Amino acid sequence: MAGSAPAGGRPLPGGGRPLIITEDPLLLDDLLRLCAAAGAEPHVRHAVPEPGGAAAEGGEAGNAGWETAPLVLVGDDAARRVRGAPRRTGVFLVGRDLDDPQVWQRAVEIGAEEVLRLPDAENRLVDRLADVVEGAGQPALAVGVIGGSGGAGASTLACALAVRAARAGERTILIDGDPLGGGMDVLLGGESAEGLRWPDFAASRGRVGAGALEDSLPELHDLRVLSWDRGDRVVVPPAAIRSVVAAARRRGGVVVVDLPRRVDEAVAEVLAQLDLVLMVVPGELRSVAAAGRVAAGVRMVARDVRVVVRGRCPGGLDPESVAGLLGAPLAGEVPVEVGLPGRVAEGEPPGTQGRGALARFCDGFWQRALGSAQGVPA
């Protein structure tokens, strides 16, 4: 399976607290406020600290160094004073009025990654500061599963993918993207498990903490699951959905999303953050026809859509032909697994049987997807 590497940043060097270098009191107030919003406790300097120099108030010697701080925010007033500092990643030139065309030259001189103008870039800066607090690195591989027709078995495959990833030792979050689907926690046998559900995040604004999100979700079968409750609310604002999915990805591992067959604004927010969408198509002609309409909507937003054929088509179409009719690469074939519905009804989640056809498909998929340093392989 050919594909591009998942988008995301590289880990910042060092650890501990970000470093602020400025003598502008108004700018310093702004930066301290933004650090507080991100939960970061910075060191403040007026110039580049010497290696092993005196500690900032409340800090350890050397912890606020230019080379060791995880993030450095240089005020525009201090740019000339740090020109001789060694080049490193994670340096930002920050100011409140950066219309001066020379600001870009100063940024180049100090090796800044970006020029951030406040207040316009406040959200961007809070995100980067929060990344430092959370130790964010490579984001999770995010895979969506959608049915090409009704009863295709997309929820079953999504659940099995999450179960097998967790059993392989991956940090795994399973997200229920279909409010009318009955609840992924039910499929996992954990409808009464303690933890937050989607309606609890309806009022979320801005950035959601990755650690706080993970800790708040029910833990079932070694994975975290974000499902819908049994209440009447079936709508969460798209902005809240975007923030929650972004937080789920931020700590790496695997995120699996069970998608509804419609593509509205909220679903589009999810699709835009996925590395890959698997469309499950039963092996019969009517389902292939329905899947064509679903695929057309998904492709408007998703960057990579592939077909999983479930069962054999009695009309003579093999899996390659099904994928060809839909104009999408074939991700594989999942034979119908005898006895699976009965086991699920008895409380055994899909994918639990390691020798079953479903588990074998999922294990093979993850071996290919997670075994490539360059993204989702062919």
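Visitor: Which term applies to W198 and W228, buried or exposed?
Guide: Both W198 and W228 are buried, a term for residues under 20% relative accessible area (exposed is over 50%, partly exposed in between; 1.4 Å probe, protein chains only). The model is predicted: local features need pLDDT of at least 70 and side-chain atom pairs pLDDT 80 or more, whereas totals for chains, interfaces and linings use all residues. Residues are numbered from 1 along each chain as its sequence is written, and side-chain values use heavy atoms, without hydrogens and water.

Visitor: Why is the pair of W198 and W228 called tilted?
Guide: Rings of Phe, Tyr and Trp (its six-membered ring) pair if their centres lie within 6.5 Å; planes under 30 degrees apart are stacked, over 60 edge-to-face, and the rest tilted. The centres of W198 and W228 are 6.0 Å apart and the planes stand at 35°, so the pair is tilted.

Visitor: What makes F365 and W366 an edge-to-face pair?
Guide: Their centres are 5.0 Å apart, with 70° between the planes, and the pair is therefore edge-to-face. Both F365 and W366 are buried.

Visitor: How do you know what span is expected of helix α9?
Guide: Helices (H or I, at least four residues) are DSSP runs, numbered from the N terminus. The expected span is 1.5 Å times one less than the number of residues. Helix α9 (residues 285-299) has 15 residues and reaches 21 Å from its first C-alpha to its last, close to the 21 Å expected. Its buried residues include V288, A291 and V294.

Technical notes: Helix = DSSP H or I, 4+ residues; strand = E, 2+ residues; numbered from the N terminus.
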